[in-house]
Amino acid sequence: MSREKKLTPEFVAALADILTPEQLLTETADCVAYGYDNSRIQVTPDAVAFPSNHDEVLAVVQLCNRHHVPLTARGRGTGTTGASVPLRGGLVLSTEQMQDVIELNPDDRYITVQPGLTNQAMQNIVAAHGYFWPPDPSSAAYCSIGGNLAYNSAGPRAVKYGTPRENVLGLRAVTGNGDSIRTGVFTTKGVVGFDLTRLLIGSEGTLAIITEATLKLSPLAEDKRILQAIYSDIESATRAVADIMKQPIIPCALEFIDGRAIDLIRQSSDISFPDAAGAMLMIELDGAQQHLDADVEKIAEVANNSGLLSLTAAKTTEEATALWNARKALSPALRNVAPNKINEDIVVPVSSIPALIHGLEQLAEKYTIPIINFGHAGNGNIHVNLLYDPNNPVQAENIDTCLEQVFDLTLKLKGSLSGEHGVGISKQPFIDRELDPTSLQLMQKIKNDFDPNNILNPDKLFPG
Ligand SMILES: Cc1cc2nc3c(=O)[nH]c(=O)nc-3n(C[C@H](O)[C@H](O)[C@H](O)COP(=O)(O)OP(=O)(O)OC[C@H]3O[C@@H](n4cnc5c(N)ncnc54)[C@H](O)[C@@H]3O)c2cc1C
C-alpha cells in the first residue's frame, strides 16, 4: 500500500531537534523496510525515529501527541499479525538503539533492560549468571523484548514456566498521552493498586511505549531429557497430554504434531515413523540431574496408553538433536509445499484437542483446503496451517469462510483466537466473536484514557 506523505515540515524540524541525524530517517526509500512484518502486510511510514532512552521516547511521543501524528512502536518486525505495520503511515518508533542493560541483579533474580535488546542477547547475558528468562519464541535470535511483551509472546517453555505476563516484574513506559509511568515492583510479590504491568503486556503498542522492562529470572536447570512418543491416533496422544499434565513432574516442553504433519515430514525428509503413526509428542524434562532419570521413567509410564506405538528417550545430546529434528523438519517442509499458507495459533483446553483436530479435518474436506496442525500441546496452543493456494479458484473462494469456521470451532470449544501471535491486523475482524460488547467498550475506554488522541498504533486491535 502507498500513501501520500503527511508530516509537516514543522513536525520534522521539531523531531530533528530531539534526535541526531543518525536517529532519524525521512527518505521513503529508507523507510520502506520499517513498513512490514512477517504478516507480509506493507505500509511505508513517513519517517522512522530511533530514540536511545526513555527521555527521548517521551519527547517523541509528546511531539506526536501535539501534532496528532500516528506513532507505531517497532521492535524487529518479526510479528506475524501486522501489529507493527504503520497502517496510517506517520512515524515508526524503532527500538533498535535501545539495547542497554539498566540493572542486572542476580541476588534478587531480575534484570532491567531496554526494550530493543533481542530475546537471545538478553538470555546470553543472564545465562552467564546461571539464569534464563522463560519466554522462548523460536524467533528469539531476532525478536526484541519489547515485541515479546507487547504480544505476550512465548514458546514451548510456557507449559512449565508461563508467558511474559508471568515473568515480568515491572515496566517503565510512556503513555499515548505523553506521560511517564512506572508499573509493578522489583519483588516477586506485590499487590498495591491495579496491575498495569499485565495490562500493558499484550496491548500491542496501543496504550504506551515500553522503555524499560524488569524481567523475572529463573535458575537454569542442571540438565534436560527428551522423549519422543508416537501414537496411532490423536485421541491417544491427547489422552497422554492430559495424563502428563495431571501429575507433578511438569515437562518444560510438550509439543504435538498431527498425522498429516507426520506424512509431510515423511514425504520431504528421510526421517522415518512407524507406518501407523497418527500423532507424535515431543516431551522435554528439565531439573536436577539426580532426579531426571526417575522423572523420565515416570513420564514414560504415564505416556504409555493403548495407542502408544513407540517411545524413545534420548541418552546423548546427538540423540536428542535427532529426535527434535523430526519436529524441526516441519516448518521448512510446510513453507515448500505452501508458501502462501495461513498460520493461525488458536488455543483450546487440552481435553478439547481431539474435537478440534477432528473438526479441522472436516473443514479441510468440506472446503478442499489441506490443514496441518502442530504446536504446544501442554497449553492446548495449536498452530493451524491452512495450506491455501491463491491460484486455486476453489480454495480462493473458500478460504475466508473456512478461516471463519476455524475460529468459530475454537470458540465453541471454549478456546481463544490467539495463544501467542496476538491480534494485530489479521485477527481484528474476528475479536468481537470472542470478546463481549461490554468488555470491548471497557477496553476502548482504557485506550482513550491512555491515548486520548489515538496516536498509538491507531486502527489496530479493536474491530473496525
Ligand atoms: C521465524 C519466526 C518464528 C516465530 N516464532 C514464534 C514463537 O515461537 N512464539 C511466538 O510467540 N511468536 C513467534 N514469532 C512471532 C514474533 O517473533 C513474536 O511475536 C515477537 O515477540 C515479535 O517481536 P518483534 O521485536 O519482532 O516485534 P514487532 O513485530 O516489531 O512488534 C510487535 C508488536 O510489539 C509492539 N512493540 C514493539 N516494541 C514495543 C515497545 N517497546 N513498546 C510497546 N509496544 C512495542 C509493536 O507496536 C507491535 O504491536 C515468530 C516469528 C517468526 C518470523
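## Ligand shell, domain contact and central sheet

The residues that form the shell around the ligand comprise 10 nonpolar, 20 polar and five charged members. The model examined here is a predicted one.

**Ligand environment**

In total, 35 residues surround the ligand, and the closest of them are Gly75, Gly79, Gly146, Gly147 and Gly205. Three elements, β3 (71-74), α5 (145-151) and β10 (208-216), each contribute at least two residues to this shell. The largest share, five residues, is supplied by α5. Because domain 1 (9-94) and domain 2 (104-219) both give residues to the shell, the ligand lies between these two domains.

**Domain organisation**

The protein is divided into four parts, with bounds as tabulated below.

| Domain | Residues |
|---|---|
| domain 1 | 9-94 |
| domain 2 | 104-219 |
| domain 3 | 223-331 |
| domain 4 | 338-422 |

A distance of 22 Å separates the C-alpha centres of domain 1 and domain 2. The contact between them draws on 14 residues from domain 1 and 20 residues from domain 2. On the side of domain 1 that touches domain 2, α3 and β3 each supply at least two residues. The greatest contribution to that side is made by α3, with six residues. Sorted by class, the side of domain 1 that touches domain 2 holds six nonpolar, seven polar and one charged residues. Strand β3 therefore appears in two settings: β3 supplies at least two residues of the ligand shell, and β3 also supplies at least two residues of the side of domain 1 that touches domain 2.

**The five-stranded sheet**

An open sheet of five strands follows the order β5-β6-β10-β8-β9, and its pairing is antiparallel. The edge positions are taken by β5 (101-105) and β9 (180-184), each of which pairs on one side only. On average, and with direction ignored, neighbouring strands of this sheet are turned by 15° against each other.

Within the sheet, strand β8 (residues 168-175) and β10 run antiparallel and are joined by seven bridges. Val174 has Ile209 of β10 as its bridge partner. Strand β10 is also one of the elements that supply at least two residues of the shell around the ligand.

Helix α3 (residues 54-67) lies across β8, β9 and β10, and runs at about 155° to β10. This helix is the element that gives the most to the side of domain 1 that touches domain 2.

Definitions and conventions:
Residues are numbered from 1 along each chain as its sequence is written. This is a predicted model: local features need pLDDT of at least 70, side-chain atom pairs count only at pLDDT 80 or more; totals for chains, interfaces and linings use all residues. A residue is near a molecule or strand if its C-beta atom, placed from the backbone, lies within 6 Å of it. Helices (H or I, at least four residues) and strands (E, at least two) are DSSP runs, numbered from the N terminus. Ala, Val, Leu, Ile, Met, Phe, Trp, Tyr, Cys and Pro count as nonpolar, Asp, Glu, Lys and Arg as charged, and the others, Gly among them, as polar. Domain bounds come from an automatic or database domain assignment. Two strands pair if DSSP finds at least two bridges between them. Axes are lines fitted to C-alpha atoms, for helices over the stretch in contact, and angles run from 0 to 180 degrees between N-to-C directions. Two residues are in contact if their C-beta atoms, placed from the backbone, lie within 7 Å.
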